[in-house]
Structures are given as C-alpha cells and as structure tokens.
Amino acid sequence: MSQASHANRIQKGILAIDPLMYDFIENEVLPTVGVDSESYWAGFEKVVKELTPRNKALLATRAELQAKIDQWHLDHPAKNGEIDYPVYKQFLKDIGYLLAEGDEFSVTTENVDKEITDIAGPQLVVPVKNARYALNATNARWGSLYDALYGTDVISEDNGQETTRAYNPKRGAAVVAYAKNFLDEHFTLATGSYNDVTGFAVIDGKLVLTQGSSTTTLQDPSKLVGYVGEANSLTGILLKNNNLHVEIQIDANNPIGKDDPAFIKDVLLESAISVIQDCEDSVAAVDADGKVAVYRNWLGLMNGNLAESFEKDGKVQTRKQNPDREYTTPEGGQLILPGRALLLIRNVGHLMQNPSILVDLGDGQEEVFEGIMDALITPLMSLNDIKGKTKLSNSRTGSMYIVKPKMHSPDEVKFANDLFAASEDILDIPRYTLKMGIMDEERRMTVNLKEAIRQAKERVIFINTGFLDRTGDEMHTSMNAGPFVRKIKMKEQVWLPAYEQWNVDIGLETGLQGHAQIGKGMWARPDDMKEMMEQKIAHPQAGANTAWVPSPTGATLHSIHYHMVNVAEVQSSLKSRKRANIDDILTIPLAKDTAWTIEEAQTELENNAQGILGYVVRWVDQGIGCSKVPDVHDVGLMEDRATLRISSQHIANWLLHGIVTEEQVMEVMKRMAKVVDEQNANDPCYKPMAPNFEHSIAFKASCDLIFKGREQPSGYTEPLLHHARRALKGSL
Ligand SMILES: CC(=O)SCCNC(=O)CCNC(=O)[C@H](O)C(C)(C)COP(=O)(O)OP(=O)(O)OC[C@H]1O[C@@H](n2cnc3c(N)ncnc32)[C@H](O)[C@@H]1OP(=O)(O)O
Ligand SMILES: O=CC(=O)O
Ligand SMILES: [Mg+2]
C-alpha cells in the first residue's frame, strides 16, 4: 500500500478508512438511506473487532484440514488411480472434515419474494461493477423470443437462413415458426395452430382467436391472464404457464408484425426471474477504487436510479431500470407485473482482505476482511428497498438477498449467519431480513450440506451447485492423490452427478420447497445456445427451480425449459427417492490410465494455458473480471475466477505428478501468450505479453497461478490476481 493512502485515511476508532470509501459512504450512502454516521461506524468497528478473530480461525481450520489431507495422500499412495476408500472416509471423519448429521429439520425462512418461492425460472449472473450490463440484467426479466432466436445458433444458418447484414426474411420465418410452435406446445389452441391465426380478441373474459372464417379458444382458458390495449383491438396478450408469463405482442405497423397474418410482432418471455449482481468471481475490485465502483452500482440499483449512457451502433443511449408492466385482467381489472428481475447480490467469501479499510486489533494495521465489509455495506445500501421506500422496488417482502460463496463448512455458515445478524443490528432492521444464498461449491460444504443449511435455517433462500468452483476444490483438496483425468472428462466422473443429486436431495429433505431455491450452475459457453437448449433442460428435470445463465439471451431461451418442465411436480416426485451416495461424492477423479499421448497432454496444456492467459491479462491489466475467451477450438468460453481455478489447479496437478514438465509448461505459456496477444490485437487498451514476458505482470501472474498453484489457499486465484492488479496500479 502506498504511503499516501496511509496518510489520508480517516480514523474511526480502530478503523482507518480509505478516503475514497469514506467519502462514498458519508456523502452518497448515509444521507440516501438516512443512517447516522457515528453510530454506523461505531457498529462497524464493533463487528470487525468481534468477528475478525473468528474469520481468521475459520481460515486456519481450512489450512489445517488441507495439510492433513495432503499428508494422508502421501502416506497412502493411490494404486492405479484407486485409494483405500473405507480408510480414507474414516480418516475424514477423524479429522472433522466429514461431520455427523443431526436430527431432521425444515428451514423456516419467511418473507421471501415469490420469484424465489414460487416461480421456477432462469437466474442470470452479472458483474455488478459493469453498470451497462448490470442494468441490462436487471431489465432481463422480459426478453424478446424473436431476438433471442434470430441472434443465436438455435436457428440454423442452413437453407438460406444465414445471418446477413440486412434482415433475412428466411431466417425471420424460421424464428416465427419456432415461436409459434412454442405457443402451440404451451398455450395449445382448442383447434388448429397459431400459424392459422389471423386475429385476437378478448370476449367475455376469454381469448378468441380468429382462423380465417372460424374462431377458436385456448384449450385451457385459464392461461389467459391479461391483455394490453382494447379487448377488441389488442396490442398485447398475456398468457401464463407454470407461473411464467408470456406476452404475444401485436402491431400491424411494425416491420415484422405487418407481414404476420395475425400482426404478431414479437413474443416476449418472462426470462431472468432473478439476477445475481456479482461482487465476487466475475469482478476485479482490489482496492477502494474498485469496491466503491461495485458498491455505487448496487446503491443505484437499490434506489432505482442507476443510469448508464453509452454508444451503441453509432447512437448514444441511456439505460435505466425498467418500470413495472401494466395489464388489464380478462375480467377488466388491473394487473401489475414486475418489470425487473428480483435482484440478489453475491458478496465475497471469507478468504480475502481488502485495503479499503485497515483495522488495528492490537498487532498493527491489517486489511479488513472483505466479506465482513461487504456484509456491513451492501445491506446499508439496500435499506430504502428493505423499508419499501423506493419507487422501483426490488423486494416486495422487505428482504435482502445475499449470496455467500465459497463457504466450506457449517461453522463457516454459522459465522456468516452471525455476521448478517450483526449487520441487521447496526441497521436496526428485523432479524432475518438479510437472507442467505449458500453456494454449494466446496467439497467440505457438499459433504456437510445438511448441517450447513441448519446453521442458516431461518435465512436460507438457496443452495446452488457452483460446479466450477466445486471442480477446482475437488482438485485442490486431493492434489497429492495422483494425476487427475483431463478437464473435459471431469463432468463424467462419479463424484459430479452424485454431488448434483445430493444437493437436490438435501434441499428437499430440509424443506426448501416453498422457502428457497435449489439451483444449478452456469452455462459457460455463451454463444452455444443451440446446445444449451438441448442440455440445460436437465436442470429443471433434476429438480432445480433455477439455473444460471450468462446473458439475457440465455435467460430468455432457458426460460422455455421451465415451460416444458413443471419443477414443483418434479420436486414432489423426487422427495421419496434414496439420497445420492456420499461414497460416490468422495470418489476422487483420478486418472486410471495416465498413458496420454504426447499430443493429448499437449492439447490439454495448451487449452488450459490459453484460458488462463486470455482471462488473466484482461483481469490484471484492465480490471475486467469476466471475459469470453476463445479456447483452442475457437469456442468462446465464459471465464471467471472459478474457471481459472480449475485450469490452474489442473496444470499444477499434472506438474506435480510429472505428466508435464516445468519447461514444457513455460514453452506452452509463452506460445499461448502470443496467441492471446493476437486475439486481442483489435483492442486499443490491450498490452501484449510477448515478447517481453518478464515485463508483463499479467504473464507473471498467470505463471504464478500454475507454479504456485499448490500453495494457494484452496487453490483460489484471488490472492495472486489481487496482488498482480495492485502491483500494476502501483498500490501495493
Ligand atoms: C462460476 C461463476 O461464478 S459464474 C458467475 C460469474 N459469471 C458471470 O457473471 C457471467 C456474466 N456474463 C458476462 O459477463 C458476459 O456475458 C461475458 C463476459 C461472458 C461475455 O460478454 P461479452 O463478450 O461482452 O458478450 P457479447 O458481446 O456477446 O454481448 C454483449 C451484450 O450482451 C449483454 N450481456 C452479456 N452478458 C450479460 C449479462 N450477464 N447480463 C446482462 N447483459 C449481458 C451486454 O449488456 C451487451 O449488450 P449491450 O450492448 O446492449 O449492453
Ligand atoms: O459460482 C459458481 C461456480 O460454479 O463456481
Ligand atoms: Mg463459484
């Protein structure tokens, strides 16, 4: 940290606050939410004093357990990719890694918005530091099906349907056919198809559809829930299936609508039911500068006044939060639907410390734990929404939703629970206002999930299988056990489906239905929407009432799966099944046959190296926390800190077990750095890593992530990333 930032800090008891952070809280936040400065900082100081030692102790436990596991594997080497599992399991119990389960219980979380309790649908994740994207995500509650289809590979480029500069009517026709087929499937007509429809009217509260000289109605008339315009001159028809709304939009003057027999211009789908505004793995915020940018956007979102102007297609536009949507009910009453997704915020986990605030607990100044800071500041900014004082409300039940990532154990959940309670006390809001989403993304969390949920049973609003971090932790935990299978094979290993099933089973056992979501992970290939449509239906089919998507388009398309699958029914049918087998979860994904060809090993290395470098260089040099990075096959992959954790731990593992050599890794890293430089050649802000590798902080950080990967806590990438970015900013 620079001397200057020491000198200017504002002292509040044992806290020394960076002026950027202090000014933001004092001048922008506290007056907005009407909280008194002295009492807020006094409360802050008290919580930091009380909880910092506990935070440290939890991290020490992580390290102790890992050291014991590392040693156990050295003492019990695997043979042909197998260890002695009964002995291993007993060892995990003995060291307190695998805990006994207590009595049955059900969660009791109250005042939860129906987006969590009742509506199964997509959950969109977005880096909150990027206001343009954060607003877009918030407004992605409603998405155009026509746009989502036209712009993606769900509609093939064959048969003259290719995407051209100007509108391609053949492609447009394929889009319309897809959309009308969707309507036929889920809003089936008594006779015929939407293809035959030439007009709509609402008569005596019922939808009447003209098909040439005859008329028809909906097979299930209750699916009509509203309309826009006059009953005999409709501009919108609101339908509902599986709790999700769909609006058929009609406009005879629209370029698309005018050519449609029923003047349909679009089909709007209720898409991103909830959004996670992310402060964590998709964000680079290493100091007060970054954290204030993150917090300021959340403040704006919570108060309904975030706006961002930007240039797109040669025009400047300003993006704001959308208003709610108004409809007339079939009976002539008024229906208002949320125009925005329900927003959750992902705080950071328990690991990192941040220079925004320094703390002196008697042993000199140290950085505040970032998770403590997030838990005390993000609810402060949500206060007006919690109290129902904003025009564009987020929670209609007076709750705030915090996703807590990377927790390892019931004790760590208990700590977060106590932290949230402390934050509630500072803000003088009712106990359990702050709800908790628990990421099930560390191995020790998975195997102790039931006890972990118990610790937050009055707050929990989701458990979610973050399989990307979970894969990273799978590797780091058992690093010494032997070489792992190739990255691409990881999903086929016994542990992963068992973990996914276990999460649903435990969620149902602990009564999450009606209180909390059982969520599933990210679709990490943002451009491969056709494949997403084929594969991601597995999430609702597995009993998940939400699953993550990387973009608004992904949300619109994935919402179709929740029309196809009634998740409430699936969950009810799964309640009686036998729980997934914990022995499967504990099965380490070791390669049985390590005789990879030189080519196979090289491809694995190149793929991982390219992902690491492509992501890290933008993170360190430009502060971009989530990127679409092409892999060796030129497929754009969503890369964030969790995918980086996997790639770096994988190479570290192969290095450790002699599958690849240090020289080989360095050669590949240098070669791939050139590839990444070429991929970024059109970015004016980009600084090439080659050929002066020794001058590139980003290149050095990428190498450190591999060569120092074994010693990183839990294999996390954030300590090295933060260090590198602060070095680049000159603020170490
Ligand atoms: C393991 C985990 O923790 S997963 C959770 C963390 N990951 C995430 O949050 C992923 C979020 N997604 C993203 O950040 C982005 O989609 C990326 C980085 C993957 C790709 O971004 P880009 O290369 O800029 O995407 P692309 O050029 O295809 O699209 C940009 C457009 O889509 C929008 N967009 C893309 N992703 C999102 C998003 N997640 N939310 C809202 N809008 C988005 C942008 O606003 C932009 O539209 P605009 O010009 O109207 O503003
Ligand atoms: O946070 C999500 C993950 O997969 O990791
Ligand atoms: Mg994660």
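Author: Let's begin with one word: a residue is buried if 20 or more other C-beta atoms lie within 10 Å of its own, exposed if 12 or fewer, and partly exposed in between, with C-beta atoms placed from the backbone. Keep in mind that this is a predicted model, where local features need pLDDT of at least 70 and side-chain atom pairs count only at pLDDT 80 or more, while totals for chains, interfaces and linings use all residues. Residues are numbered from 1 along each chain as its sequence is written, and chains are lettered from A and ligands numbered from 1 in the order in which they are written.

Reader: Which positions does UniProt give as "active site"?

Author: UniProt positions use the numbering here, with feature names shortened, and annotations may be inferred rather than shown by experiment. The unreviewed entry puts "active site" at Arg346 and Asp640. They span 295 residues in sequence, yet no two of their C-alpha atoms are more than 14.2 Å apart, so they gather at one spot.

Reader: Is Arg346 buried or exposed?

Author: Arg346 has 26 C-beta neighbours inside 10 Å, so it counts as buried. You'll find Arg346 in strand β17, residues 342-346; strands (E, at least two residues) and helices (H or I, at least four) are DSSP runs, numbered from the N terminus.

Reader: And where is Asp640?

Author: Asp640 sits in the loop between β26 (636-639) and α23 (641-656). Asp640 is buried too, with 25 other C-beta atoms within 10 Å. For contacts, the C-beta atoms of two residues, placed from the backbone, must lie within 7 Å. Leaving aside neighbours within four places in sequence, Asp640 touches Asp281, Ser282, Gly625 and Cys626.

Reader: How do I read a sheet, and what is the order of the four strands in the open one?

Author: Look for pairs: two strands pair if DSSP finds at least two bridges between them. Here the order is β1-β2-β18-β19, with antiparallel pairing. β1 (10-12) and β19 (365-369) stand at the edges with a single partner strand each, so one side of each has no neighbour in the sheet. Between β18 (residues 353-360) and β19 there are five bridges, and Asn354 stands opposite Val368 in β19.

Reader: What span should helix α3 have?

Author: The expected span is 1.5 Å times one less than the number of residues. For the 39 residues of α3 (residues 37-75) that gives 57 Å, and the end C-alpha atoms are 56 Å apart, which agrees. Buried residues of α3 include Tyr40, Trp41 and Phe44.
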